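Me: I would like to go through this model step by step, with the reasoning set out before each value or name. Please begin with the terms that the first answer needs.

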Amino acid sequence: FPSHDRGGDKEEILKDLAVRIMKKHFDNNMSYFVKNPKLKEKIENIPALTLHMSYASWNGPGFFKNFAKSLDEGINQGMSDSDLIKKAIQDRKNTVLLHQENVAKAMIEVMA
């Protein structure tokens with residue numbers, strides 16, 4: 001993309017601002033929708049799940065809530081970390097979100 005599409009000489013400032021804004025949304029979503037301490041620990045410590053749920057904050061609280069519920073169900077079923085990641089990728093692929101394939105691909109790359 002041309003630099004003016006990314007903020008021109010303000011790109012770094014805008015990136016930093018976006019990160020701070022989205023971090024607040026992520027933290028709020030985590031406190032509202034992730035009550036299981038085991039799920040919280042996995043989201044915070046497994047890079048693919050961190051990416052999935054961080055992007056879910058961008059998608060909106062409804063998506064975050066649904067993705068968190070799905071992962072929580074997986075934990076309650078005794079899924080391994082690898083299976084939880086696969087579940088998250090499948091959940092994302094099953095949405096109507098734009099670029100969901102790109103996020104799923106990035107999650108797979110983070111796993112490697």
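Reply: Helices (H or I, at least four residues) and strands (E, at least two) are DSSP runs, numbered from the N terminus. This is a predicted model, in which local features need pLDDT of at least 70 and side-chain atom pairs count only at pLDDT 80 or more, while totals for chains, interfaces and linings use all residues. Residues are numbered from 1 along each chain as its sequence is written, and side-chain values use heavy atoms, with hydrogens and water left out.

Me: In what order do the elements of the protein chain run from the N terminus on?
Reply: The secondary structure of the protein chain comes to 6 helices and 0 strands. Read from the N terminus, the order of elements is therefore α-α-α-α-α-α.

Me: Which element gives the most residues to the largest nonpolar core?
Reply: A nonpolar core is a set of buried Ala, Val, Leu, Ile, Met, Phe, Trp, Tyr and Cys residues joined through side-chain atoms within 4.5 Å, where buried means under 20% relative accessible area, exposed over 50% and partly exposed in between (1.4 Å probe, protein chains only). The largest such core has 23 residues, of which Val34, Leu39, Ile43, Leu49, Met53, Phe64 and Leu71 touch the most other members. Two or more residues each come from H1, helix H2 (37-45), helix H3 (47-59), helix H4 (61-76), helix H5 (81-93) and helix H6 (100-111). The element that gives the most, with 5 residues, is H4.

Me: Which residues does Ile43 touch, not counting residues up to four places away in sequence?
Reply: Contact here means heavy atoms within 4.5 Å, and Ile43 is one of the core residues that touch the most other members. With the residues up to four places away in sequence set aside, the partners of Ile43 are Phe26, Met30, Val34, Leu49, Thr50 and Met53.

Me: How far apart are the end C-alpha atoms of H3?
Reply: The expected span of a helix is 1.5 Å times one less than its number of residues. For the 13 residues of H3 this gives 18 Å, and the separation of the end C-alpha atoms agrees with it, at 18 Å.

Me: Which residues are joined into one network by salt bridges that share partners?
Reply: A salt bridge is a side-chain nitrogen of Lys or Arg within 4 Å of a carboxyl oxygen of Asp or Glu, and in helix H2 Lys40 forms one with Glu44, the closest N and O atoms being 3.0 Å apart. Lys40 and Glu44 are 4 residues apart, about one turn of the helix. Salt bridges that share partners make one network, and its members are Glu11, Glu12 and Lys15.

Me: Is Glu11 buried or exposed?
Reply: The side chain of Glu11 meets that of Lys15 in a salt bridge (3.3 Å, N to O), and the two are 4 residues apart in helix H1, about one helical turn. Lys15 is partly exposed, with a relative accessible area of 43%. Glu11, by its relative accessible area of 13%, is buried.

Me: What relative accessible area does Asp81 have?
Reply: Asp81 is found in helix H5, and, leaving aside its neighbours within four places in sequence, Asp81 is in contact with Lys42 and Ile46. Asp81 counts as partly exposed because its relative accessible area is 35%.
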